[in-house]
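Here's a quick tour of a single protein chain, written for someone who likes angles and distances. Have the viewer open while you read.

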Amino acid sequence: MRMLVRGGLVIDTAPTVVVRPETDVLIEDGRIAAVGPGLVADDAEVIDARGRIVLPGFVDTHRHVWQTALRGIGADGDLGYYFDRVMQAHGTRYRAEDVAASNLVGALECLDGGITTVQDYSHVQGSAEFAEAAVDALDRSGIRAVFGFGPSPLAGGAVDPDGLRRILGRVSGRIGVAVASIGPAYAPFEIVEADWALAAELGMPVVTHIDSSEVTPAPIAGLRDAGLLRPDTLYVHCNNLSEAELKLIAESGASVSATPAVESRLEMGGPITARLKAAGVGVGLGIDTVTSGAGDMFSVMQQVLALGHRSFTAAEVLQLATVGGARALGFTDVGSLAVGNQADLIVLRGTDLNLAGGWQDPVATVVTSGHPGNVETVLVGGTPVKRVGQVVSTSLPAALDALTESAAYLTARAAS
Ligand SMILES: [Zn+2]
């Protein structure tokens, strides 16, 4: 099956950011087959991209998709408030059907805003039943995902090996799995050793929240001393880590997910992206939670520009949001429009008022001024999941009804 995205202003992201006016993208069997002007493909389905901007889909490297039903409830507090209200008062009341409802709408929200890959850090309960509901919903949405399986930090403990194996046996194709460990900053070290050993045994990446604290001032050095530094680890936040700790991450070949909007709102520490760049650490961006911030990558890119102290150009921020995130998650065929890559791409309406006048520097225009409403078409592996401005992969009204019922249940139970 062939598809031709015809005549768009194509922005690619690797190895450098380039802009190609009036360029076609040919897709064959879900992958990018050619990029150039005037491509001939008579049998291909055509998506008209004239007057539009074509770019790789965004990669969200850290998101608790299960929290979609709780949008906004943590906005007026700090991290302690988030733990009390989101994780404890509501999070402990989730049923598998609540996880399913939030994960489906949350993944559709990602796609609607041009996020084609998400790392779903699912620390709602840690049971296999909940995880199955979560990955089934991700799969239904049509998104590409790395599902992080792990316990709630409130419950503590190591990742359940049997539950993890059940999930591994359930996923394929667009959905991968990672060990979501509570990690050395927040768990006793025997739990860290168990989680890291499980990941090594199964050949899986590790994702973990991490920061320094009075109890654990140097968690990365602790991993080094135990021989547990590995390249396929994604550390989340890191706002208060020392330069020496960031250097250790860089030397290990691991990456960091920065979620600047939520880190700032929850007062988790100073902006980290510029320090990561200076330390030579691979960086991806994340939304983290819609309980405290917006769920789209445009607003996160705008936060990086605002908080980055001029350390990043707009083009570099676009790389963080696409190919940088893909590399942080271990993908080599996602995040740019290179021939052979997965055809994960988005088409923005260049004629929308908030993008008007931006043809001299379309990269800066997308990064500084774009929003999800500009996203007209989204492809994941060459399959359309949004067309003519509407998500198409599943019934949106039914998904929204289920989320409304779930939110009503969670709110009622939390109040009683
Ligand atoms: Zn998080």
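What follows goes from the domains to the sheet, then to a few helices and some backbone oddities.

This is a predicted model, where local features need pLDDT of at least 70, side-chain atom pairs count only at pLDDT 80 or more, and totals for chains, interfaces and linings use all residues. Residues are numbered from 1 along each chain as its sequence is written.

**Domains**

The domain assignment, which comes from an automatic or database source, splits the chain into domain 1 (2–56 + 341–391) and domain 2 (58–328). Their centres, taken over C-alpha atoms, sit 28 Å apart. Domain 1 puts 22 residues into the contact and domain 2 puts in 23; two residues are in contact if their C-beta atoms, placed from the backbone, lie within 7 Å. On the domain 1 side, helix H12 (362–369), strand E15 (375–380) and strand E16 (383–387) each supply at least two residues. H12 gives the most, with 5 residues. As for chemistry, that side of domain 1 has 14 nonpolar, 6 polar and 2 charged residues. Here Ala, Val, Leu, Ile, Met, Phe, Trp, Tyr, Cys and Pro count as nonpolar, Asp, Glu, Lys and Arg as charged, and the others, Gly among them, as polar.

Element names, by the way, follow DSSP runs numbered from the N terminus: helices (H or I) have at least four residues and strands (E) at least two.

**The parallel sheet**

An open sheet of 8 strands runs in the order E6-E7-E8-E9-E10-E11-E12-E13, with parallel pairing; strands pair if DSSP finds at least two bridges between them. Its edges are strand E6 (58–63) and strand E13 (282–285), each pairing on one side only. On average, neighbouring strands are turned by 25° against each other, direction ignored. Take E11 and E12 as an example: they pair in the parallel sense over 3 bridges, and Val 236 stands opposite Ser 257 in E12.

Two helices that pack on the sheet are H4 and H10. Helix H4 (residues 161–168) touches strand E8 (144–149) and strand E9 (175–181), and its direction makes about 165° with that of E8. H10 touches E6, strand E7 (115–122) and E13, at about 130° to the direction of E13. These axes are lines fitted to C-alpha atoms, for helices over the stretch in contact, and the angles run from 0 to 180 degrees between N-to-C directions.

**Helices and their buried sides**

A residue is called buried if 20 or more other C-beta atoms lie within 10 Å of its own, exposed if 12 or fewer, and partly exposed in between, with C-beta atoms placed from the backbone.

Which residues of H7 (residues 243–252) are buried? They are Glu 245, Leu 246, Leu 248 and Ile 249. Down the axis of H7, the buried residues fall within an arc of 155°, so they line one face of the helix; the arc is that of the directions from the helix axis to the C-beta atoms. The face turned away carries the exposed Glu 243 and Ala 244. Cover for the buried residues of H7 includes helix H6 (219–225), strand E11 (233–237), strand E12 (255–258) and helix H9 (273–279).

In H10 (residues 297–307), the buried residues are Met 297, Phe 298, Val 300, Met 301, Gln 302, Gln 303 and Val 304.

Ala 326 belongs to helix H11 (residues 314–328) and is buried, with 30 other C-beta atoms within 10 Å. Its contacts, leaving aside neighbours within four places in sequence, are Val 59, Thr 117, Phe 331, Val 334 and Gly 335.

**Backbone oddities**

Most residues other than glycine have a negative phi, and most peptide bonds are trans. Here are some positive values:

| Residue | Place | Phi |
|---|---|---|
| Gly 253 | just after H7 | about 80° |
| His 309 | just after H10 | about 50° |
| Asp 29 | hairpin of E2 and E3 | near 50° |

The hairpin strands, E2 (residues 18–28) and E3 (residues 31–36), run antiparallel and are joined by 5 bridges. Asp 29 is exposed, with 10 other C-beta atoms within 10 Å. Glu 22, in strand E2, also has a positive phi, about 45°, and is partly exposed, with 13 other C-beta atoms within 10 Å.

Finally, a cis peptide bond joins Ala 14 and Pro 15, with omega about 0°. Pro 15 is found in the loop between strand E1 (2–12) and E2.
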